[in-house]
Amino acid sequence: PFGNLSDCPNGSRWIMDVFNECAQDSRDVASIVLGLGSIGCFIAAAFPQFYQACRTGIMDQALSIYFLLGWLGGDLLNLIGSFLADQLPLQVYTAIYYVLADLGMLSLYCYYRVKNAGRAFPAPINAAFVFLSVGSLSGLSLLGSASTEDPGTFKGRSLLSAPGDEPGPKPFSRTEIIGFTIGSISSVLYLCSRVPQILTNYKRKSTSGVSYSLFALVMLGNSLYGLSVLLKNPEPGQGQGDYILHHLPWLVGSLGVLALDVVISFQFLAYRKGRPGTLEERDALLREQDES
């Protein structure tokens, strides 16, 4: 039953009731707090870019469509993989929000692409967007129905061990292997998604239209997220190395992306004046206003 402390001796009652996670010491509590902080960062990250897009009206020029599609694909696979691999509840809840925020970002990109360019998307991008959008909505509905049928599926890894479990490395179940594989592909998409944006910034020699707060909050959120997973105590009888192995794709997807986000941060410093790109974009907007 939800909130049952029988499998979590000396655990925190309120954390069990609210998050259905076992927090037996300060490390577990710190993991929960850091996880909540990371969720706050990711929730707030999209809003500065929404504001920047509405203020400048050049979101379609500032952001790479492949960056957004790669981000959505990574988040969608992260959601499915974290669910199948029985990741921590905070990981699952955060992954659901990622997908919804990505769909909002893509919708805004499409709006400005149609408004500014006045032409349809290339066929491959159209097909990718439709596929990922339908896949996202289908994945959310399937996961929602699964959670309704089996509420215990979302239990954290610290609650998975039964009293009779043998100590030693915890083997991967078939479902976990599938989830681990999906999570690994998700991490690759996260890493690859940054490359088109770095190239876009380099070609424009400008970061105008891109909100640095988006990347700053994502970097902070990924750092807190990774720390929250690393601080979590392994299951009884499970070693630290085995625990990290089970969470490795999600750690790579969060901490590994930091290096590429640092590159984008340096681009913001290098192109902070943004003279060439800003003038071109301003001229394009003025021409559009004159035509209208």
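Contact here means heavy atoms within 4.5 Å, and in this predicted model Asn201, leaving aside its neighbours within four places in sequence, is in contact with Ala62, Ser206, Thr207, Val210, Ile264, Gln267 and Tyr271.

**View 1. The surroundings of Asn201 in helix α7.** The residue at the centre of this view, Asn201, has a relative accessible area of 1%, and it is therefore classed as buried, the cut-off being under 20%. Among the residues in contact with Asn201 is Gln267, and the side chains of Asn201 and Gln267 are joined by a polar contact of 2.9 Å. The other contacts of Asn201, again without neighbours up to four places away, include Ala62, Val210 and Ile264.

**View 2. The whole chain, given as context for the close-ups.** The predicted model has 11 helices and zero strands, so that, by the DSSP runs on which the elements rest, the pattern read along the sequence is α-α-α-α-α-α-α-α-α-α-α. Of the 292 residues in the protein, 49% are buried. Among contacts with a separation of 6 or more, 80% are accounted for by residues 24 or more positions apart. The accessible surface comes to about 13,800 Å², and carbon and sulfur atoms hold 67% of that surface.

**View 3. The largest nonpolar core and Phe215.** This core has 35 residues, and those with the most contacts inside it are Met59, Leu68, Leu214 and Phe215. Two or more residues are given to the core by each of the elements α2 (26-56), α3 (59-62), α4 (65-84), α5 (89-117), α7 (174-204), α8 (212-231) and α10 (257-270). The largest share, 10 residues, comes from α5. Phe215, when residues up to four places away in sequence are not counted, touches Phe67, Arg194, Gln197, Val210, Asp261, Ile264 and Phe268. Two of these residues, Val210 and Ile264, are also found in the list of contacts of Asn201.

**View 4. Leu227 and Ser228 in helix α8.** How buried or exposed is Ser228? With a relative accessible area of 6%, Ser228 is buried, whereas Leu227, with a relative accessible area of 42%, is partly exposed. Not counting residues up to four places away in sequence, Ser228 touches Ser31, Leu34 and Gly35. Leu227, for its part, belongs with Leu230 and Leu255 to a nonpolar patch on the surface, and the three residues together have about 210 Å² of accessible area.

**View 5. Ser254 in helix α9 (residues 240-255).** Ser254 has a relative accessibility of 2% and on that account counts as buried. A polar atom of the side chain of Ser254 lies 3.1 Å from the backbone oxygen of Leu251. Which residues are in contact with Ser254, once its neighbours within four places in sequence are left aside? They are Asn222, Tyr225 and Gly226. The view also takes in Leu191, which is 63 residues from Ser254 in sequence, while the C-alpha atoms of Ser254 and Leu191 are 9.4 Å apart in space.

Technical notes. Residues numbered from 1 in each chain as written. Predicted model: local features only at pLDDT ≥ 70, side-chain atom pairs only at ≥ 80, totals over all residues. Heavy atoms only, no water. Core = buried A, V, L, I, M, F, W, Y, C linked by side-chain atoms within 4.5 Å. Buried < 20%, exposed > 50% of the residue type's maximum accessible area, 1.4 Å probe, protein only. Helix = DSSP H or I, 4+ residues; strand = E, 2+ residues; numbered from the N terminus. Patch = residues over 30% accessible without salt bridge, like charges linked within 9 Å, V, L, I, M, F, W, Y side chains within 5 Å. Areas by Shrake-Rupley, 256 points an atom, 1.4 Å probe, with all protein chains shown as cover. Salt bridge = Lys/Arg side-chain N within 4 Å of Asp/Glu carboxyl O. Polar contact = N/O pair within 3.5 Å; in protein donor to acceptor, adjacent residues only side chain to side chain.
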